[in-house]
Amino acid sequence: MALGPVNLSDNPVDELVKRILASRQITRADQERFMSALLSKNSLSDSERVQVDQLFDALRNGRVRVVD
């Protein structure tokens, strides 16, 4: 499944989480972008924390799968 370009301009965490949850899959490239976006920040906003929790819950419960 080919996905379009990822818009990382305003809020990379928000954009990535929305796309990952919508597609129900995360690639290794998505994982690297996600970690890079998180690690580039001094702190996360409340909304970003909620999104990170949503993504981890989805992974843990099998609603999102890891693909290569």
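## Buried and exposed

In this report, a residue is buried when its relative accessible area is under 20%, exposed when that area is over 50%, and partly exposed in between. With that in hand, the outer side of helix α2 is a friendly place to begin: the face turned away from the buried side of α2 carries the exposed residues E32 and L39. Please keep in mind that this is a predicted model.

## Helix α1

Helix α1 covers residues 12–23, which makes 12 residues. From its first C-alpha to its last, α1 reaches 16 Å, close to the 16 Å expected at 1.5 Å a residue. Its buried residues are P12, V13, D14, L16, V17, R19, I20 and S23. What do these residues pack against? Their partners are β1 (25–27), α2 (28–39) and α3 (46–60).

Just after α1 comes R24, where the backbone takes a positive phi of about 60 degrees.

## Helix α2 and its two sides

Helix α2 also has its numbers in good order: 12 residues, with a reach of 16 Å between the first and last C-alpha, close to the 16 Å expected at 1.5 Å a residue. The buried residues of α2 are D30, F34, A37 and L38. Why can they be said to line one face of the helix? Seen down the axis of α2, the buried residues fall within an arc of 95 degrees, so they line one face. These buried residues pack against α1, β1 and α3, while E32 and L39 sit exposed on the face turned away.

## The nonpolar core

The largest nonpolar core has 12 residues: V13, L16, V17, I20, I26, F34, A37, L38, V52, L55, A58 and V64. Helices α1, α2 and α3 each supply at least two residues of this core. Which helix gives the largest share? That is α1, with 4 residues.

If you would like one residue to click on first, try F34. Leaving aside neighbours within four places in sequence, F34 is in contact with V13, L16, V17, V52 and L55. Each of these contact partners can be found in the list of core residues.

## D14, a buried charge with company

D14 lies in helix α1. Is D14 buried or exposed? D14 counts as buried because its relative accessibility is 16%, and the cut-off for buried is under 20%. The side chain of D14 meets that of K18 in a salt bridge of 3.3 Å, N to O. Both residues lie in α1, 4 residues apart, about one turn of the helix.

D14 has a second side-chain partner: a polar contact of 2.4 Å joins D14 and Q51. Q51 is found in helix α3 and counts as buried because its relative accessibility is 11%. Once neighbours within four places in sequence are set aside, Q51 is in contact with V13, D14 and V17. As for α2, the C-alpha atoms of D14 and F34 are separated by 9.7 Å, and the two residues are 20 residues apart along the chain.

## More salt bridges

How many salt bridges does a search of the whole structure find? The search finds 6, including the D14 and K18 pair described above. Another joins the side chains of R33 and D30 at 3.3 Å, N to O. Because R33 and D30 are 3 residues apart in helix α2, they are separated by about one helical turn. With a relative accessible area of 33%, R33 is partly exposed, whereas D30 is buried, at 2%. Salt bridges that share partners join R19, D30 and R33 into one network. R19 is one of the buried residues of α1.

The side chains of R28 and D68 also meet in a salt bridge, at 3.2 Å, N to O. This pair links distant parts of the chain, 40 residues apart: R28 is in helix α2, and D68 is in the segment after β2 (65–67). How do the two ends compare in accessibility? R28 counts as partly exposed at 42% relative accessibility, and D68 counts as exposed at 82%.

Note on methods
Residues numbered from 1 in each chain as written. Predicted model: local features only at pLDDT ≥ 70, side-chain atom pairs only at ≥ 80, totals over all residues. Heavy atoms only, no water. Expected span 1.5 Å × (residues − 1). Buried < 20%, exposed > 50% of the residue type's maximum accessible area, 1.4 Å probe, protein only. Contact = heavy atoms within 4.5 Å. Core = buried A, V, L, I, M, F, W, Y, C linked by side-chain atoms within 4.5 Å. Salt bridge = Lys/Arg side-chain N within 4 Å of Asp/Glu carboxyl O. Arc of directions from axis to C-beta. Polar contact = N/O pair within 3.5 Å; in protein donor to acceptor, adjacent residues only side chain to side chain.
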